[in-house]
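Hello,

Here is the structure I promised to pass on to you. Have a look at it first, and then read my notes below.

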Amino acid sequence: MTSPDTAQTPKQYLPPQTLVRSAHVAGRAAYDALAAEAEADYEGYWARLAREFVTWKTPFKTVLDTSHAPMFKWFEDGTLNVSYNCLDRQVNAGRGDKVAIIFEADDGKVTHTTYAQLLAQTCRMANALKQLGIGKGDRVAIYMSMSVEAVVAMQACARLGAVHSVVFGGFSAHSLRDRIADTGAIAVITADEQVRGGKTLPLKALVDDALALGGCEAVRNVVVYRRTGGAIAWQSHDRWLHELTQGQPEVCEPEWVGAEHPLFLLYTSGSTGKPKGVQHSSGGYLVQAAVTAKWTFDLHDDDVFWCTADIGWVTGHSYIAYGPLALGATEVVFEGVPTYPDAARFWRMIEKHKVTVFYTAPTAIRSLIKAAEGHDAVHPRNFDLSSLRILGSVGEPINPAAWEWYHAHVGGGRCPIVDTWWQTETGGHMITPLPGATPLVPGSCTLPFPGIMAAIVDETGGDLPNGQSGILVIKKPWPGMIRTIWGDDARYQSSYYPPELRGYYLAGDGAARDPETGYFTIGGRIDDVLNVSGHRMGTMEIESALVACTDLVAEAAVVGRPDETSGEAICAFVVLKRSRPTGEEAGKLAAQLRNWIGKEIGPIAKPKDIRFADNLPKTRSGKIMRRLLRSVAKGEAITQDTSTLENPAILDQLSEAH
Ligand code: PRX
């Protein structure tokens, strides 16, 4: 379906009839009606949803304020509390005894937490945090692995109007320090250790290291959840969570905040070295998280939803900590990894918990395909996955072969796959099928969520016809959008609203629409951002980390190359301060640099491929020619014009140095 003359039209998968009958958005006509409603009265449409999905303490009168564009404001004069909406509202509606979270630990131990219990736990933690002097507007860093306590920590911050900043537990002390320092957090909530794949890994020790690096002087307390009981060093500012919460009342009046009050900051990579603190609102964000969770996953009262993301990423915010809870859904929270004790863990858990809606990343699917092909016992066909009705994909393009396997072997050929395109900045789904309404084409995220004005334009913001690849933009602001980059409005404006794009939001992805269906296909990033296993990594960030190894590295350039499992792999070209190493020495130094990156950023940023050279390909004006490096990394013959290159011989060396 890429162009009319490539004769073969890919197969379309129609929504199953049962879904067309019972879905919240039932049938294509229902989708079209919603899209038309938004087109005809954009603000009226979002205002209607904001009233339906959120309980406001003070109802809003203004919907969208564009007077200081692109500093948009939604529902600004309304007040609410996000934790009240996720927890109290469910209990008040008679769902107190309904299971909110089915938690499965790494070792398989399962606990159930009802909405009433989650509310009580959240109130006790909120009261404990309050006792430490944490209140509205204070920033709190959360550095925890997947646990009920982590969700409670987020909810407790929301209850107090404190702004959380969750840092993925795989980030290094260095990255954690940078994030704590940038937010000016006054407290850190962590755990003694985390458990993943049968191994215990430190968390609290890394918080100690992060604070010792300096720059986090605002931190007054470190609250520690006892996960393993392993030995940890104890500082005077450390407090055990269980001691703090003991005896705390199970009631805590929510702090009513304005809709624009920041709910959280979440750091993500951009095209420059320093990660960006994406700031999200309370009201608009919750509207988007709740509406998209309900329609994209077609969540009903009896569903068991499982999003496998970590709370350290936006997916874990919108589709674990907030969206499903705002709907009163039952969800699975998983501490471990998909390959432990074996690569059938996901399938066994779906069977055990009777999961109905399953949301994961293409990387996980691809690695589980590989595992199943190598070892039949872990193939999903050996498990009863008949509870499943909808599957989802997120974080990177899903290649049609992986899509077909997921559809056939996990979904038994009967479950629609919602391939959801969105970003940390968008807060919720932006382009995605709705399972009871949208015919599917493998590899395409299909159509914009109703009310999202996505388009493909050229460099000047001019509309491109369907069939042509271009820049993906969002033409109108939407409720869940990023409000600013924490402390840096100018960077927010230049990153997302460059003047040449006529006031459209620049997503940073390339995309095209199908000539017949108008379906979107995402082509990947158009900036210096890589997507490795669904994790966003800035090439400049890795380069900065490499050159920070000042004893060894003189210069470094990082590019991505396609990788069968991780989507993209990180490839680093390094010039050392000493002569170019070869053979065993090169291997040793590459390992040393990999460890260095692990410490500077985190294991996810370790380059797969490190090549040493005497120099890097540069233009006469000294600019590194990255497009050539991309070809070298892929192992392609160089067909580009190299006449502007100052040192053409370097290309041979780089290609050989593999
Ligand atoms: O390049 C797109 C890719 O992931 C980027 C956003 O990354 P992040 O902010 O970490 O959020 C990931 C989870 C929402 C996008 O700019 N991406 C995300 N979803 C898809 C995707 N690419 C293709 N298809 C998707 N479904």
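**What I found**

Please keep in mind that this is a predicted model. The chain has an average pLDDT of 95, and 98% of the residues score at least 70. Residues 1–7 are a stretch to treat separately: the pLDDT there is below 50, and in the model this stretch has 13 contacts beyond near neighbours in sequence. For the complex, the predictor gives an ipTM of 1.00 and a pTM of 0.95.

On to the annotation. An unreviewed UniProt entry places "domain: AMP-dependent synthetase/ligase" on residues 89–478. Over residues 89–478, the chain is 31% helix and 22% strand, with the end C-alpha atoms 25 Å apart.

The part I spent my time on is a sheet. It is open, with mixed pairing, and its 8 strands run in the order β12-β11-β8-β6-β7-β14-β15-β23. Why is one side of β12 and of β23 left without a neighbour in the sheet? Both β12 (238–240) and β23 (484–485) stand at the edges and each has a single partner strand, so one side of each stays unpaired in the sheet.

For β23, the strand alongside is β15 (residues 276–281): the two pair in the antiparallel sense over 2 bridges. If you want to find this spot on screen, look for V278, whose bridge partner in β23 is I485.

Finally, a helix packs on this sheet: α11 (residues 314–326), which touches β7 (163–166) and β14 (262–268). The direction of α11 makes about 145 degrees with that of β14.

Best wishes

Note on methods: Residues are numbered from 1 along each chain as its sequence is written. This is a predicted model: local features need pLDDT of at least 70, side-chain atom pairs count only at pLDDT 80 or more; totals for chains, interfaces and linings use all residues. Side-chain values use heavy atoms; hydrogens and water are left out. pLDDT is the predictor's confidence in each residue, from 0 to 100. Contact means heavy atoms within 4.5 Å. UniProt positions are given in the numbering used here, feature names are shortened, and annotations may be inferred rather than shown by experiment. Helices (H or I, at least four residues) and strands (E, at least two) are DSSP runs, numbered from the N terminus. Two strands pair if DSSP finds at least two bridges between them. Axes are lines fitted to C-alpha atoms, for helices over the stretch in contact, and angles run from 0 to 180 degrees between N-to-C directions.
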